[in-house]
Amino acid sequence: MNSELSSEKVKDIGEQSLLEKLQRFCPLEIIGDDAAVFETAPGQSLVVTTDVLVDGVHFSNLTTSPEDAGWRAAAANLSDLAAMGASPLGITVGLGLPGELRVSWVERLYQGMTECLQKYNTPIVGGDVVRSPVTTLAITAFGQVNPSQIIRRSAAVIGDAIVVTGVHGASRAGLELLLHPELGQNLKDAECTALIRAHQRPQPRLDVLPILWKILTPNSQLSIAGMDSSDGLVDVIIQICRASGVGAVLEYRQISVPKTFNHWLTPDQALKYALYGGEDFELVLCLPQELASALVQHLGEGAAVAGRITAGSTVILHDEQKKFPDQVLSLSQGFQHFGQ
């Protein structure tokens, strides 16, 4: 029977039957006990991260299929591991579900998670299911990292270059096109599809880590500062600066945005999407200029040295062509869960 067409509901089959259905997405040799047990490699540190996603806040049936919601949830957690320099080991999944929700929706959610996780050989190793008035998804991801390669927010130093691993604003643009398709009338179908896919199927930048460690091999004792940009480019730079006790200058002309932005967005709109749009899941890394340039060269198109770490505590947007004055950046324009 095609689960997508099934009208079976969660309340009809209950917790145990639902768990039996979901166990087929997990390795049989790991699940079944009260907790998952796995060994990390010698000389490795365990990294744990948790994200909670709520229907109507992080995903919506208007813009996101169950498969895409699952992919995005998995990608968000893998991105957090990448931001720490860690390789993924496995995830656990906590579900809060209304009884009226169709079982097929849950299975499709897990299918999307699995499609993302399989790219990185990462299993679902357990979880929990409870009744909830709102569909809620809580994922805990486990990773491992060599202690000398841990990336922290607090490691930025004055003079560091700020590397951004890819374009920003694509996810926000994709969301706008899903909500308002008429905005894409000046874009080709393939261009619209690419932006929408950036929103629905973001790629965690675990691929950056092997390149980074190769470049840093002669400088193995060097500490790297960084985060992922899930909450927006301005947010990540401010968070790094606060944790490191420094300031930063972000260069307007060095911020990479999708080339298609020129076809349908004003420069102000494009900049706002890039700075505050969020959910691009790129890495923002602070390291010495020479190493930063080498990293950008290896990463290719979209990667850029977007600024530098400075003394003080202010984060400034600067235009080297002086077409507009320096602007002090803040978190006030970005998404805040409990903002007014």
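Start by selecting helix α9, residues 267–276, and colour its buried residues: A270, L271, Y273, A274, L275 and Y276. You are looking at a predicted model, so keep that in mind at each stop. Now show what lies over those buried residues of α9: the cover includes α4 (170–179), α7 (233–244), β7 (247–251), α8 (261–264) and β10 (315–318). Just past the helix, click on G278, which follows α9 and has a positive phi, near 75°.

**The seven-stranded sheet**

Next, select the strands in the order β6-β8-β5-β9-β7-β10-β11. Together these seven form an open sheet with mixed pairing. At its edges are β6 (225–228) and β11 (327–328), each paired on one side only. Add helix α2, residues 66–83, which packs on the sheet and touches β6 and β8 (283–287). The direction of α2 makes about 175° with that of β6.

Bring back α7 from the first stop. Helix α7 lies across β5 (161–164), β6, β7, β8, β9 (304–310) and β10, and runs at about 145° to β6.

Zoom in on the β11 edge: β10 and β11 run antiparallel and are joined by two bridges. To see residues facing each other there, pick L317, which stands opposite Q327 in β11.

**Strand β5 and its partners**

Move to β5 and show its side chains. In a regular strand, side chains alternate between the two faces of the sheet. Here A161 and V163 point one way while I162 and V164 point the other, and all are buried. On one pairing, β5 runs antiparallel to β8, with four bridges between them; A161 has L287 as its bridge partner in β8. β5 also pairs with β9 in the antiparallel sense, again over four bridges, and there V163 stands opposite V305.

**Two nonpolar cores**

Now hide the cartoon and look at the nonpolar side chains. The largest nonpolar core has 62 residues, and those with the most contacts inside it are L18, V93, L95, V106, Y110 and L285. Helix α2 supplies the largest share of this core, nine residues. Centre on V106: beyond its neighbours within four places in sequence, V106 is in contact with V10, L18, L22, L95, L97 and L101. Apart from this core lies another, of 29 residues, among them V164, A225, I255 and L331.

**A stop at T136**

Select T136, in strand β4 (residues 136–145). Is T136 buried or partly exposed? With a relative accessible area of 21%, T136 counts as partly exposed, because buried means under 20%. Its C-alpha atom is 6.3 Å from that of D55, although the two residues are 81 apart along the chain. Leaving aside neighbours within four places in sequence, T136 is in contact with V52, L53, V54, G94, L95 and G96. Measure one more distance in your viewer: a polar atom of the T136 side chain lies 3.1 Å from the backbone oxygen of V134.

**The cysteines**

For the last stop, display the cysteine sulfurs. How many disulfides does the structure hold? The count is zero. C116 is in no disulfide, and the nearest cysteine sulfur, that of C26, is 15 Å away. C116 is also buried, with a relative accessible area of 0%. Finish at C241, whose sulfur is 7.0 Å from the closest cysteine sulfur, in C286, and therefore too far for a bond. C241 is buried too, with a relative accessible area of 3%.

Notes. Residues numbered from 1 in each chain as written. Predicted model: local features only at pLDDT ≥ 70, side-chain atom pairs only at ≥ 80, totals over all residues. Heavy atoms only, no water. Buried < 20%, exposed > 50% of the residue type's maximum accessible area, 1.4 Å probe, protein only. Contact = heavy atoms within 4.5 Å. Polar contact = N/O pair within 3.5 Å; in protein donor to acceptor, adjacent residues only side chain to side chain. Pairing = 2+ DSSP bridges. Axes fitted to C-alpha atoms, helices over the stretch in contact; angles between N-to-C directions. Disulfide = S-S within 2.5 Å. Core = buried A, V, L, I, M, F, W, Y, C linked by side-chain atoms within 4.5 Å.
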